[in-house]
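Please look over the structure below, with an eye to its aromatic rings and its strands. Some questions and answers come after it.

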Amino acid sequence: MKANTKQHTVYKTSTGERLPGVTTVINELGWNKNMLIAWSRREALAGNDPDKIKTESAKPGTLTHSFIEGHIKGEKVDTSDFTENQIELAKNSYFAFVEWEKAMKPKYLGTEIQLVSEKYRFGGTADMIGEIGGELVLADWKTSKGIYPEMTIQIAAYKIAYEEMNPGKKVHHGGILRLDRETSAYDYHDISSKKMEWGWDVFQHCLALYALKKKK
């Protein structure tokens, strides 16, 4: 399979109306903006191009997702569009995923699941829906330096969209799996129903502000 290099997915209603993605709604409202500004300033002062660094840094994460999807589907990934360093970093993250898989023994029901909420008018792509310990779990893979609150918000929104599209199914837990590209270690965070309720409350406010912003 060809490694996915597409950065943005277009989400539409059944009538063809374009909808914002979950990460767009969260990011456009400045979540973690102060941290990003501080980092960009440090890199610029050091003579580096922050935009170029962000673009290059994202590529190993994109390839990691492709490695994982290929692993689950039993398909070989074409890495011809990536550098040796990017491939090496992605492999480190992938090896961390394999260790998590051995420990948690998930039963995969779907990967790269495109979700659309017609009711609340947003879309998103969840990395995995599956069963862990007999319970339905919706999870995302991350290659970031840490686990951040907006990740819980993201998973909570995916949960609502998934349950809307699959009446009768109930997501019991969310999961954030951080895969370290340097050490091949993993850090799995279980997101309880209570935490997802908090995340959904926050996302609804973000969504309302996003809609108001577009009306100006």
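The questions below concern aromatic pairs and strand pairing in this predicted model.

Q: How many aromatic pairs does the structure hold?
A: Rings count as a pair if their centres lie within 6.5 Å. On that basis, the number of aromatic pairs in the structure is 10.

Q: Which kind of aromatic pair do Trp100 and Trp141 form?
A: The two ring centres are 5.8 Å apart, and the planes meet at 65°. Planes over 60 degrees apart count as edge-to-face. The pair of Trp100 and Trp141 is therefore edge-to-face.

Q: How many residues apart in sequence are the parts that Trp100 and Trp141 tie together?
A: Trp100 belongs to helix α4 (residues 84-104), while Trp141 belongs to strand β5 (residues 135-142). Both residues are buried. Because one ring sits in the helix and the other in the strand, the pair ties together parts whose separation in sequence is 41 residues.

Q: Which helix does the pair of Phe122 and Trp200 tie to strand β4?
A: Phe122 and Trp200 form a tilted pair, 6.1 Å centre to centre with 45° between the planes. Phe122 is buried, as is Trp200. Phe122 lies in β4 (residues 122-132) and Trp200 in residues 193-215, so the helix tied to β4 is α6.

Q: In which sense do strands β3 and β4 pair, parallel or antiparallel?
A: The two strands form a hairpin with four residues between them. Lys107 stands opposite Glu131 in β4. Over nine bridges, the sense of pairing between β3 (residues 107-117) and β4 is antiparallel.

Notes: Residues are numbered from 1 along each chain as its sequence is written. This is a predicted model: local features need pLDDT of at least 70, side-chain atom pairs count only at pLDDT 80 or more; totals for chains, interfaces and linings use all residues. Side-chain values use heavy atoms; hydrogens and water are left out. Rings of Phe, Tyr and Trp (its six-membered ring) pair if their centres lie within 6.5 Å; planes under 30 degrees apart count as stacked, over 60 as edge-to-face and the rest as tilted. Buried means under 20% relative accessible area, exposed over 50%, partly exposed in between (1.4 Å probe, protein chains only). Two strands pair if DSSP finds at least two bridges between them.
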